[in-house]
Amino acid sequence: MEAWLNCENLLISITQKPTSYSQYTLRVINECADICLAAQEALKFKYANIGELALLCIGICEECADICERYSGVQFKTCASTCRYCSNVFASLALNA
């Protein structure tokens, strides 16, 4: 949930600034938020194929963290660290699924 919230807040923040970011950057952050929210819902409802969703979440969280680490600013750094943490949690879930 924290990764979703950080990605959403970052998207809101960067789309309101005059600085433009690549469509790729915006798309990855948005996809990360969407997949993190879906994964959280799947966990809540004990989705049977959580291992597969966990692998998807790992991939997008790692990609989002890599992108966010390229930029300066507290929100980017927070998003990167939260996404790395989320990736590690889902890696543990994927191994145990």
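How do the residues of the lining of the largest pocket divide into nonpolar, polar and charged? The points below address this and the helix that contributes to that lining, on the basis of a predicted model.

1. The lining of the largest pocket comprises ten nonpolar residues, two polar residues and one charged residue. The volume of this pocket is about 170 Å³.

2. In total, 13 residues line the largest pocket, and those nearest its centre are M1, E2, C86, V89 and F90. Two or more lining residues come from each of helix 1 (2-15), helix 2 (23-44) and helix 4. Helix 4 makes the greatest contribution to the lining, with six residues.

3. The length of helix 4 is consistent with its residue count: at 1.5 Å a residue, its 23 residues should span 33 Å, and the end C-alpha atoms are indeed 33 Å apart.

4. The buried residues of helix 4 are F76, C79, A80, T82, C83, C86, S87 and F90. These buried residues pack against helix 1, helix 2 and helix 3 (50-68). Two of them, C86 and F90, are buried in helix 4 and also belong to the residues nearest the centre of the largest pocket.

5. S87 merits a separate remark. This serine lies in helix 4, which covers residues 74-96. S87 is classed as buried because its relative accessibility is 3%, and the cut-off for that class is under 20%. Apart from neighbours within four places in sequence, S87 is in contact with I58, C61 and E62.

Conventions:
Residues are numbered from 1 along each chain as its sequence is written. This is a predicted model: local features need pLDDT of at least 70, side-chain atom pairs count only at pLDDT 80 or more; totals for chains, interfaces and linings use all residues. Side-chain values use heavy atoms; hydrogens and water are left out. Helices (H or I, at least four residues) and strands (E, at least two) are DSSP runs, numbered from the N terminus. Buried means under 20% relative accessible area, exposed over 50%, partly exposed in between (1.4 Å probe, protein chains only). Contact means heavy atoms within 4.5 Å. On a 1 Å grid over the protein atoms alone, a cavity is a set of points where a 1.4 Å probe fits but cannot get out, and a pocket is an open set with protein on both sides within 12 Å along at least five of seven lines; lining residues have an atom within 4 Å of a point. Grid points are joined across faces, edges and corners, and a volume is the space filled by probe spheres set on the points. Ala, Val, Leu, Ile, Met, Phe, Trp, Tyr, Cys and Pro count as nonpolar, Asp, Glu, Lys and Arg as charged, and the others, Gly among them, as polar. The expected span of a helix is 1.5 Å times one less than its number of residues.
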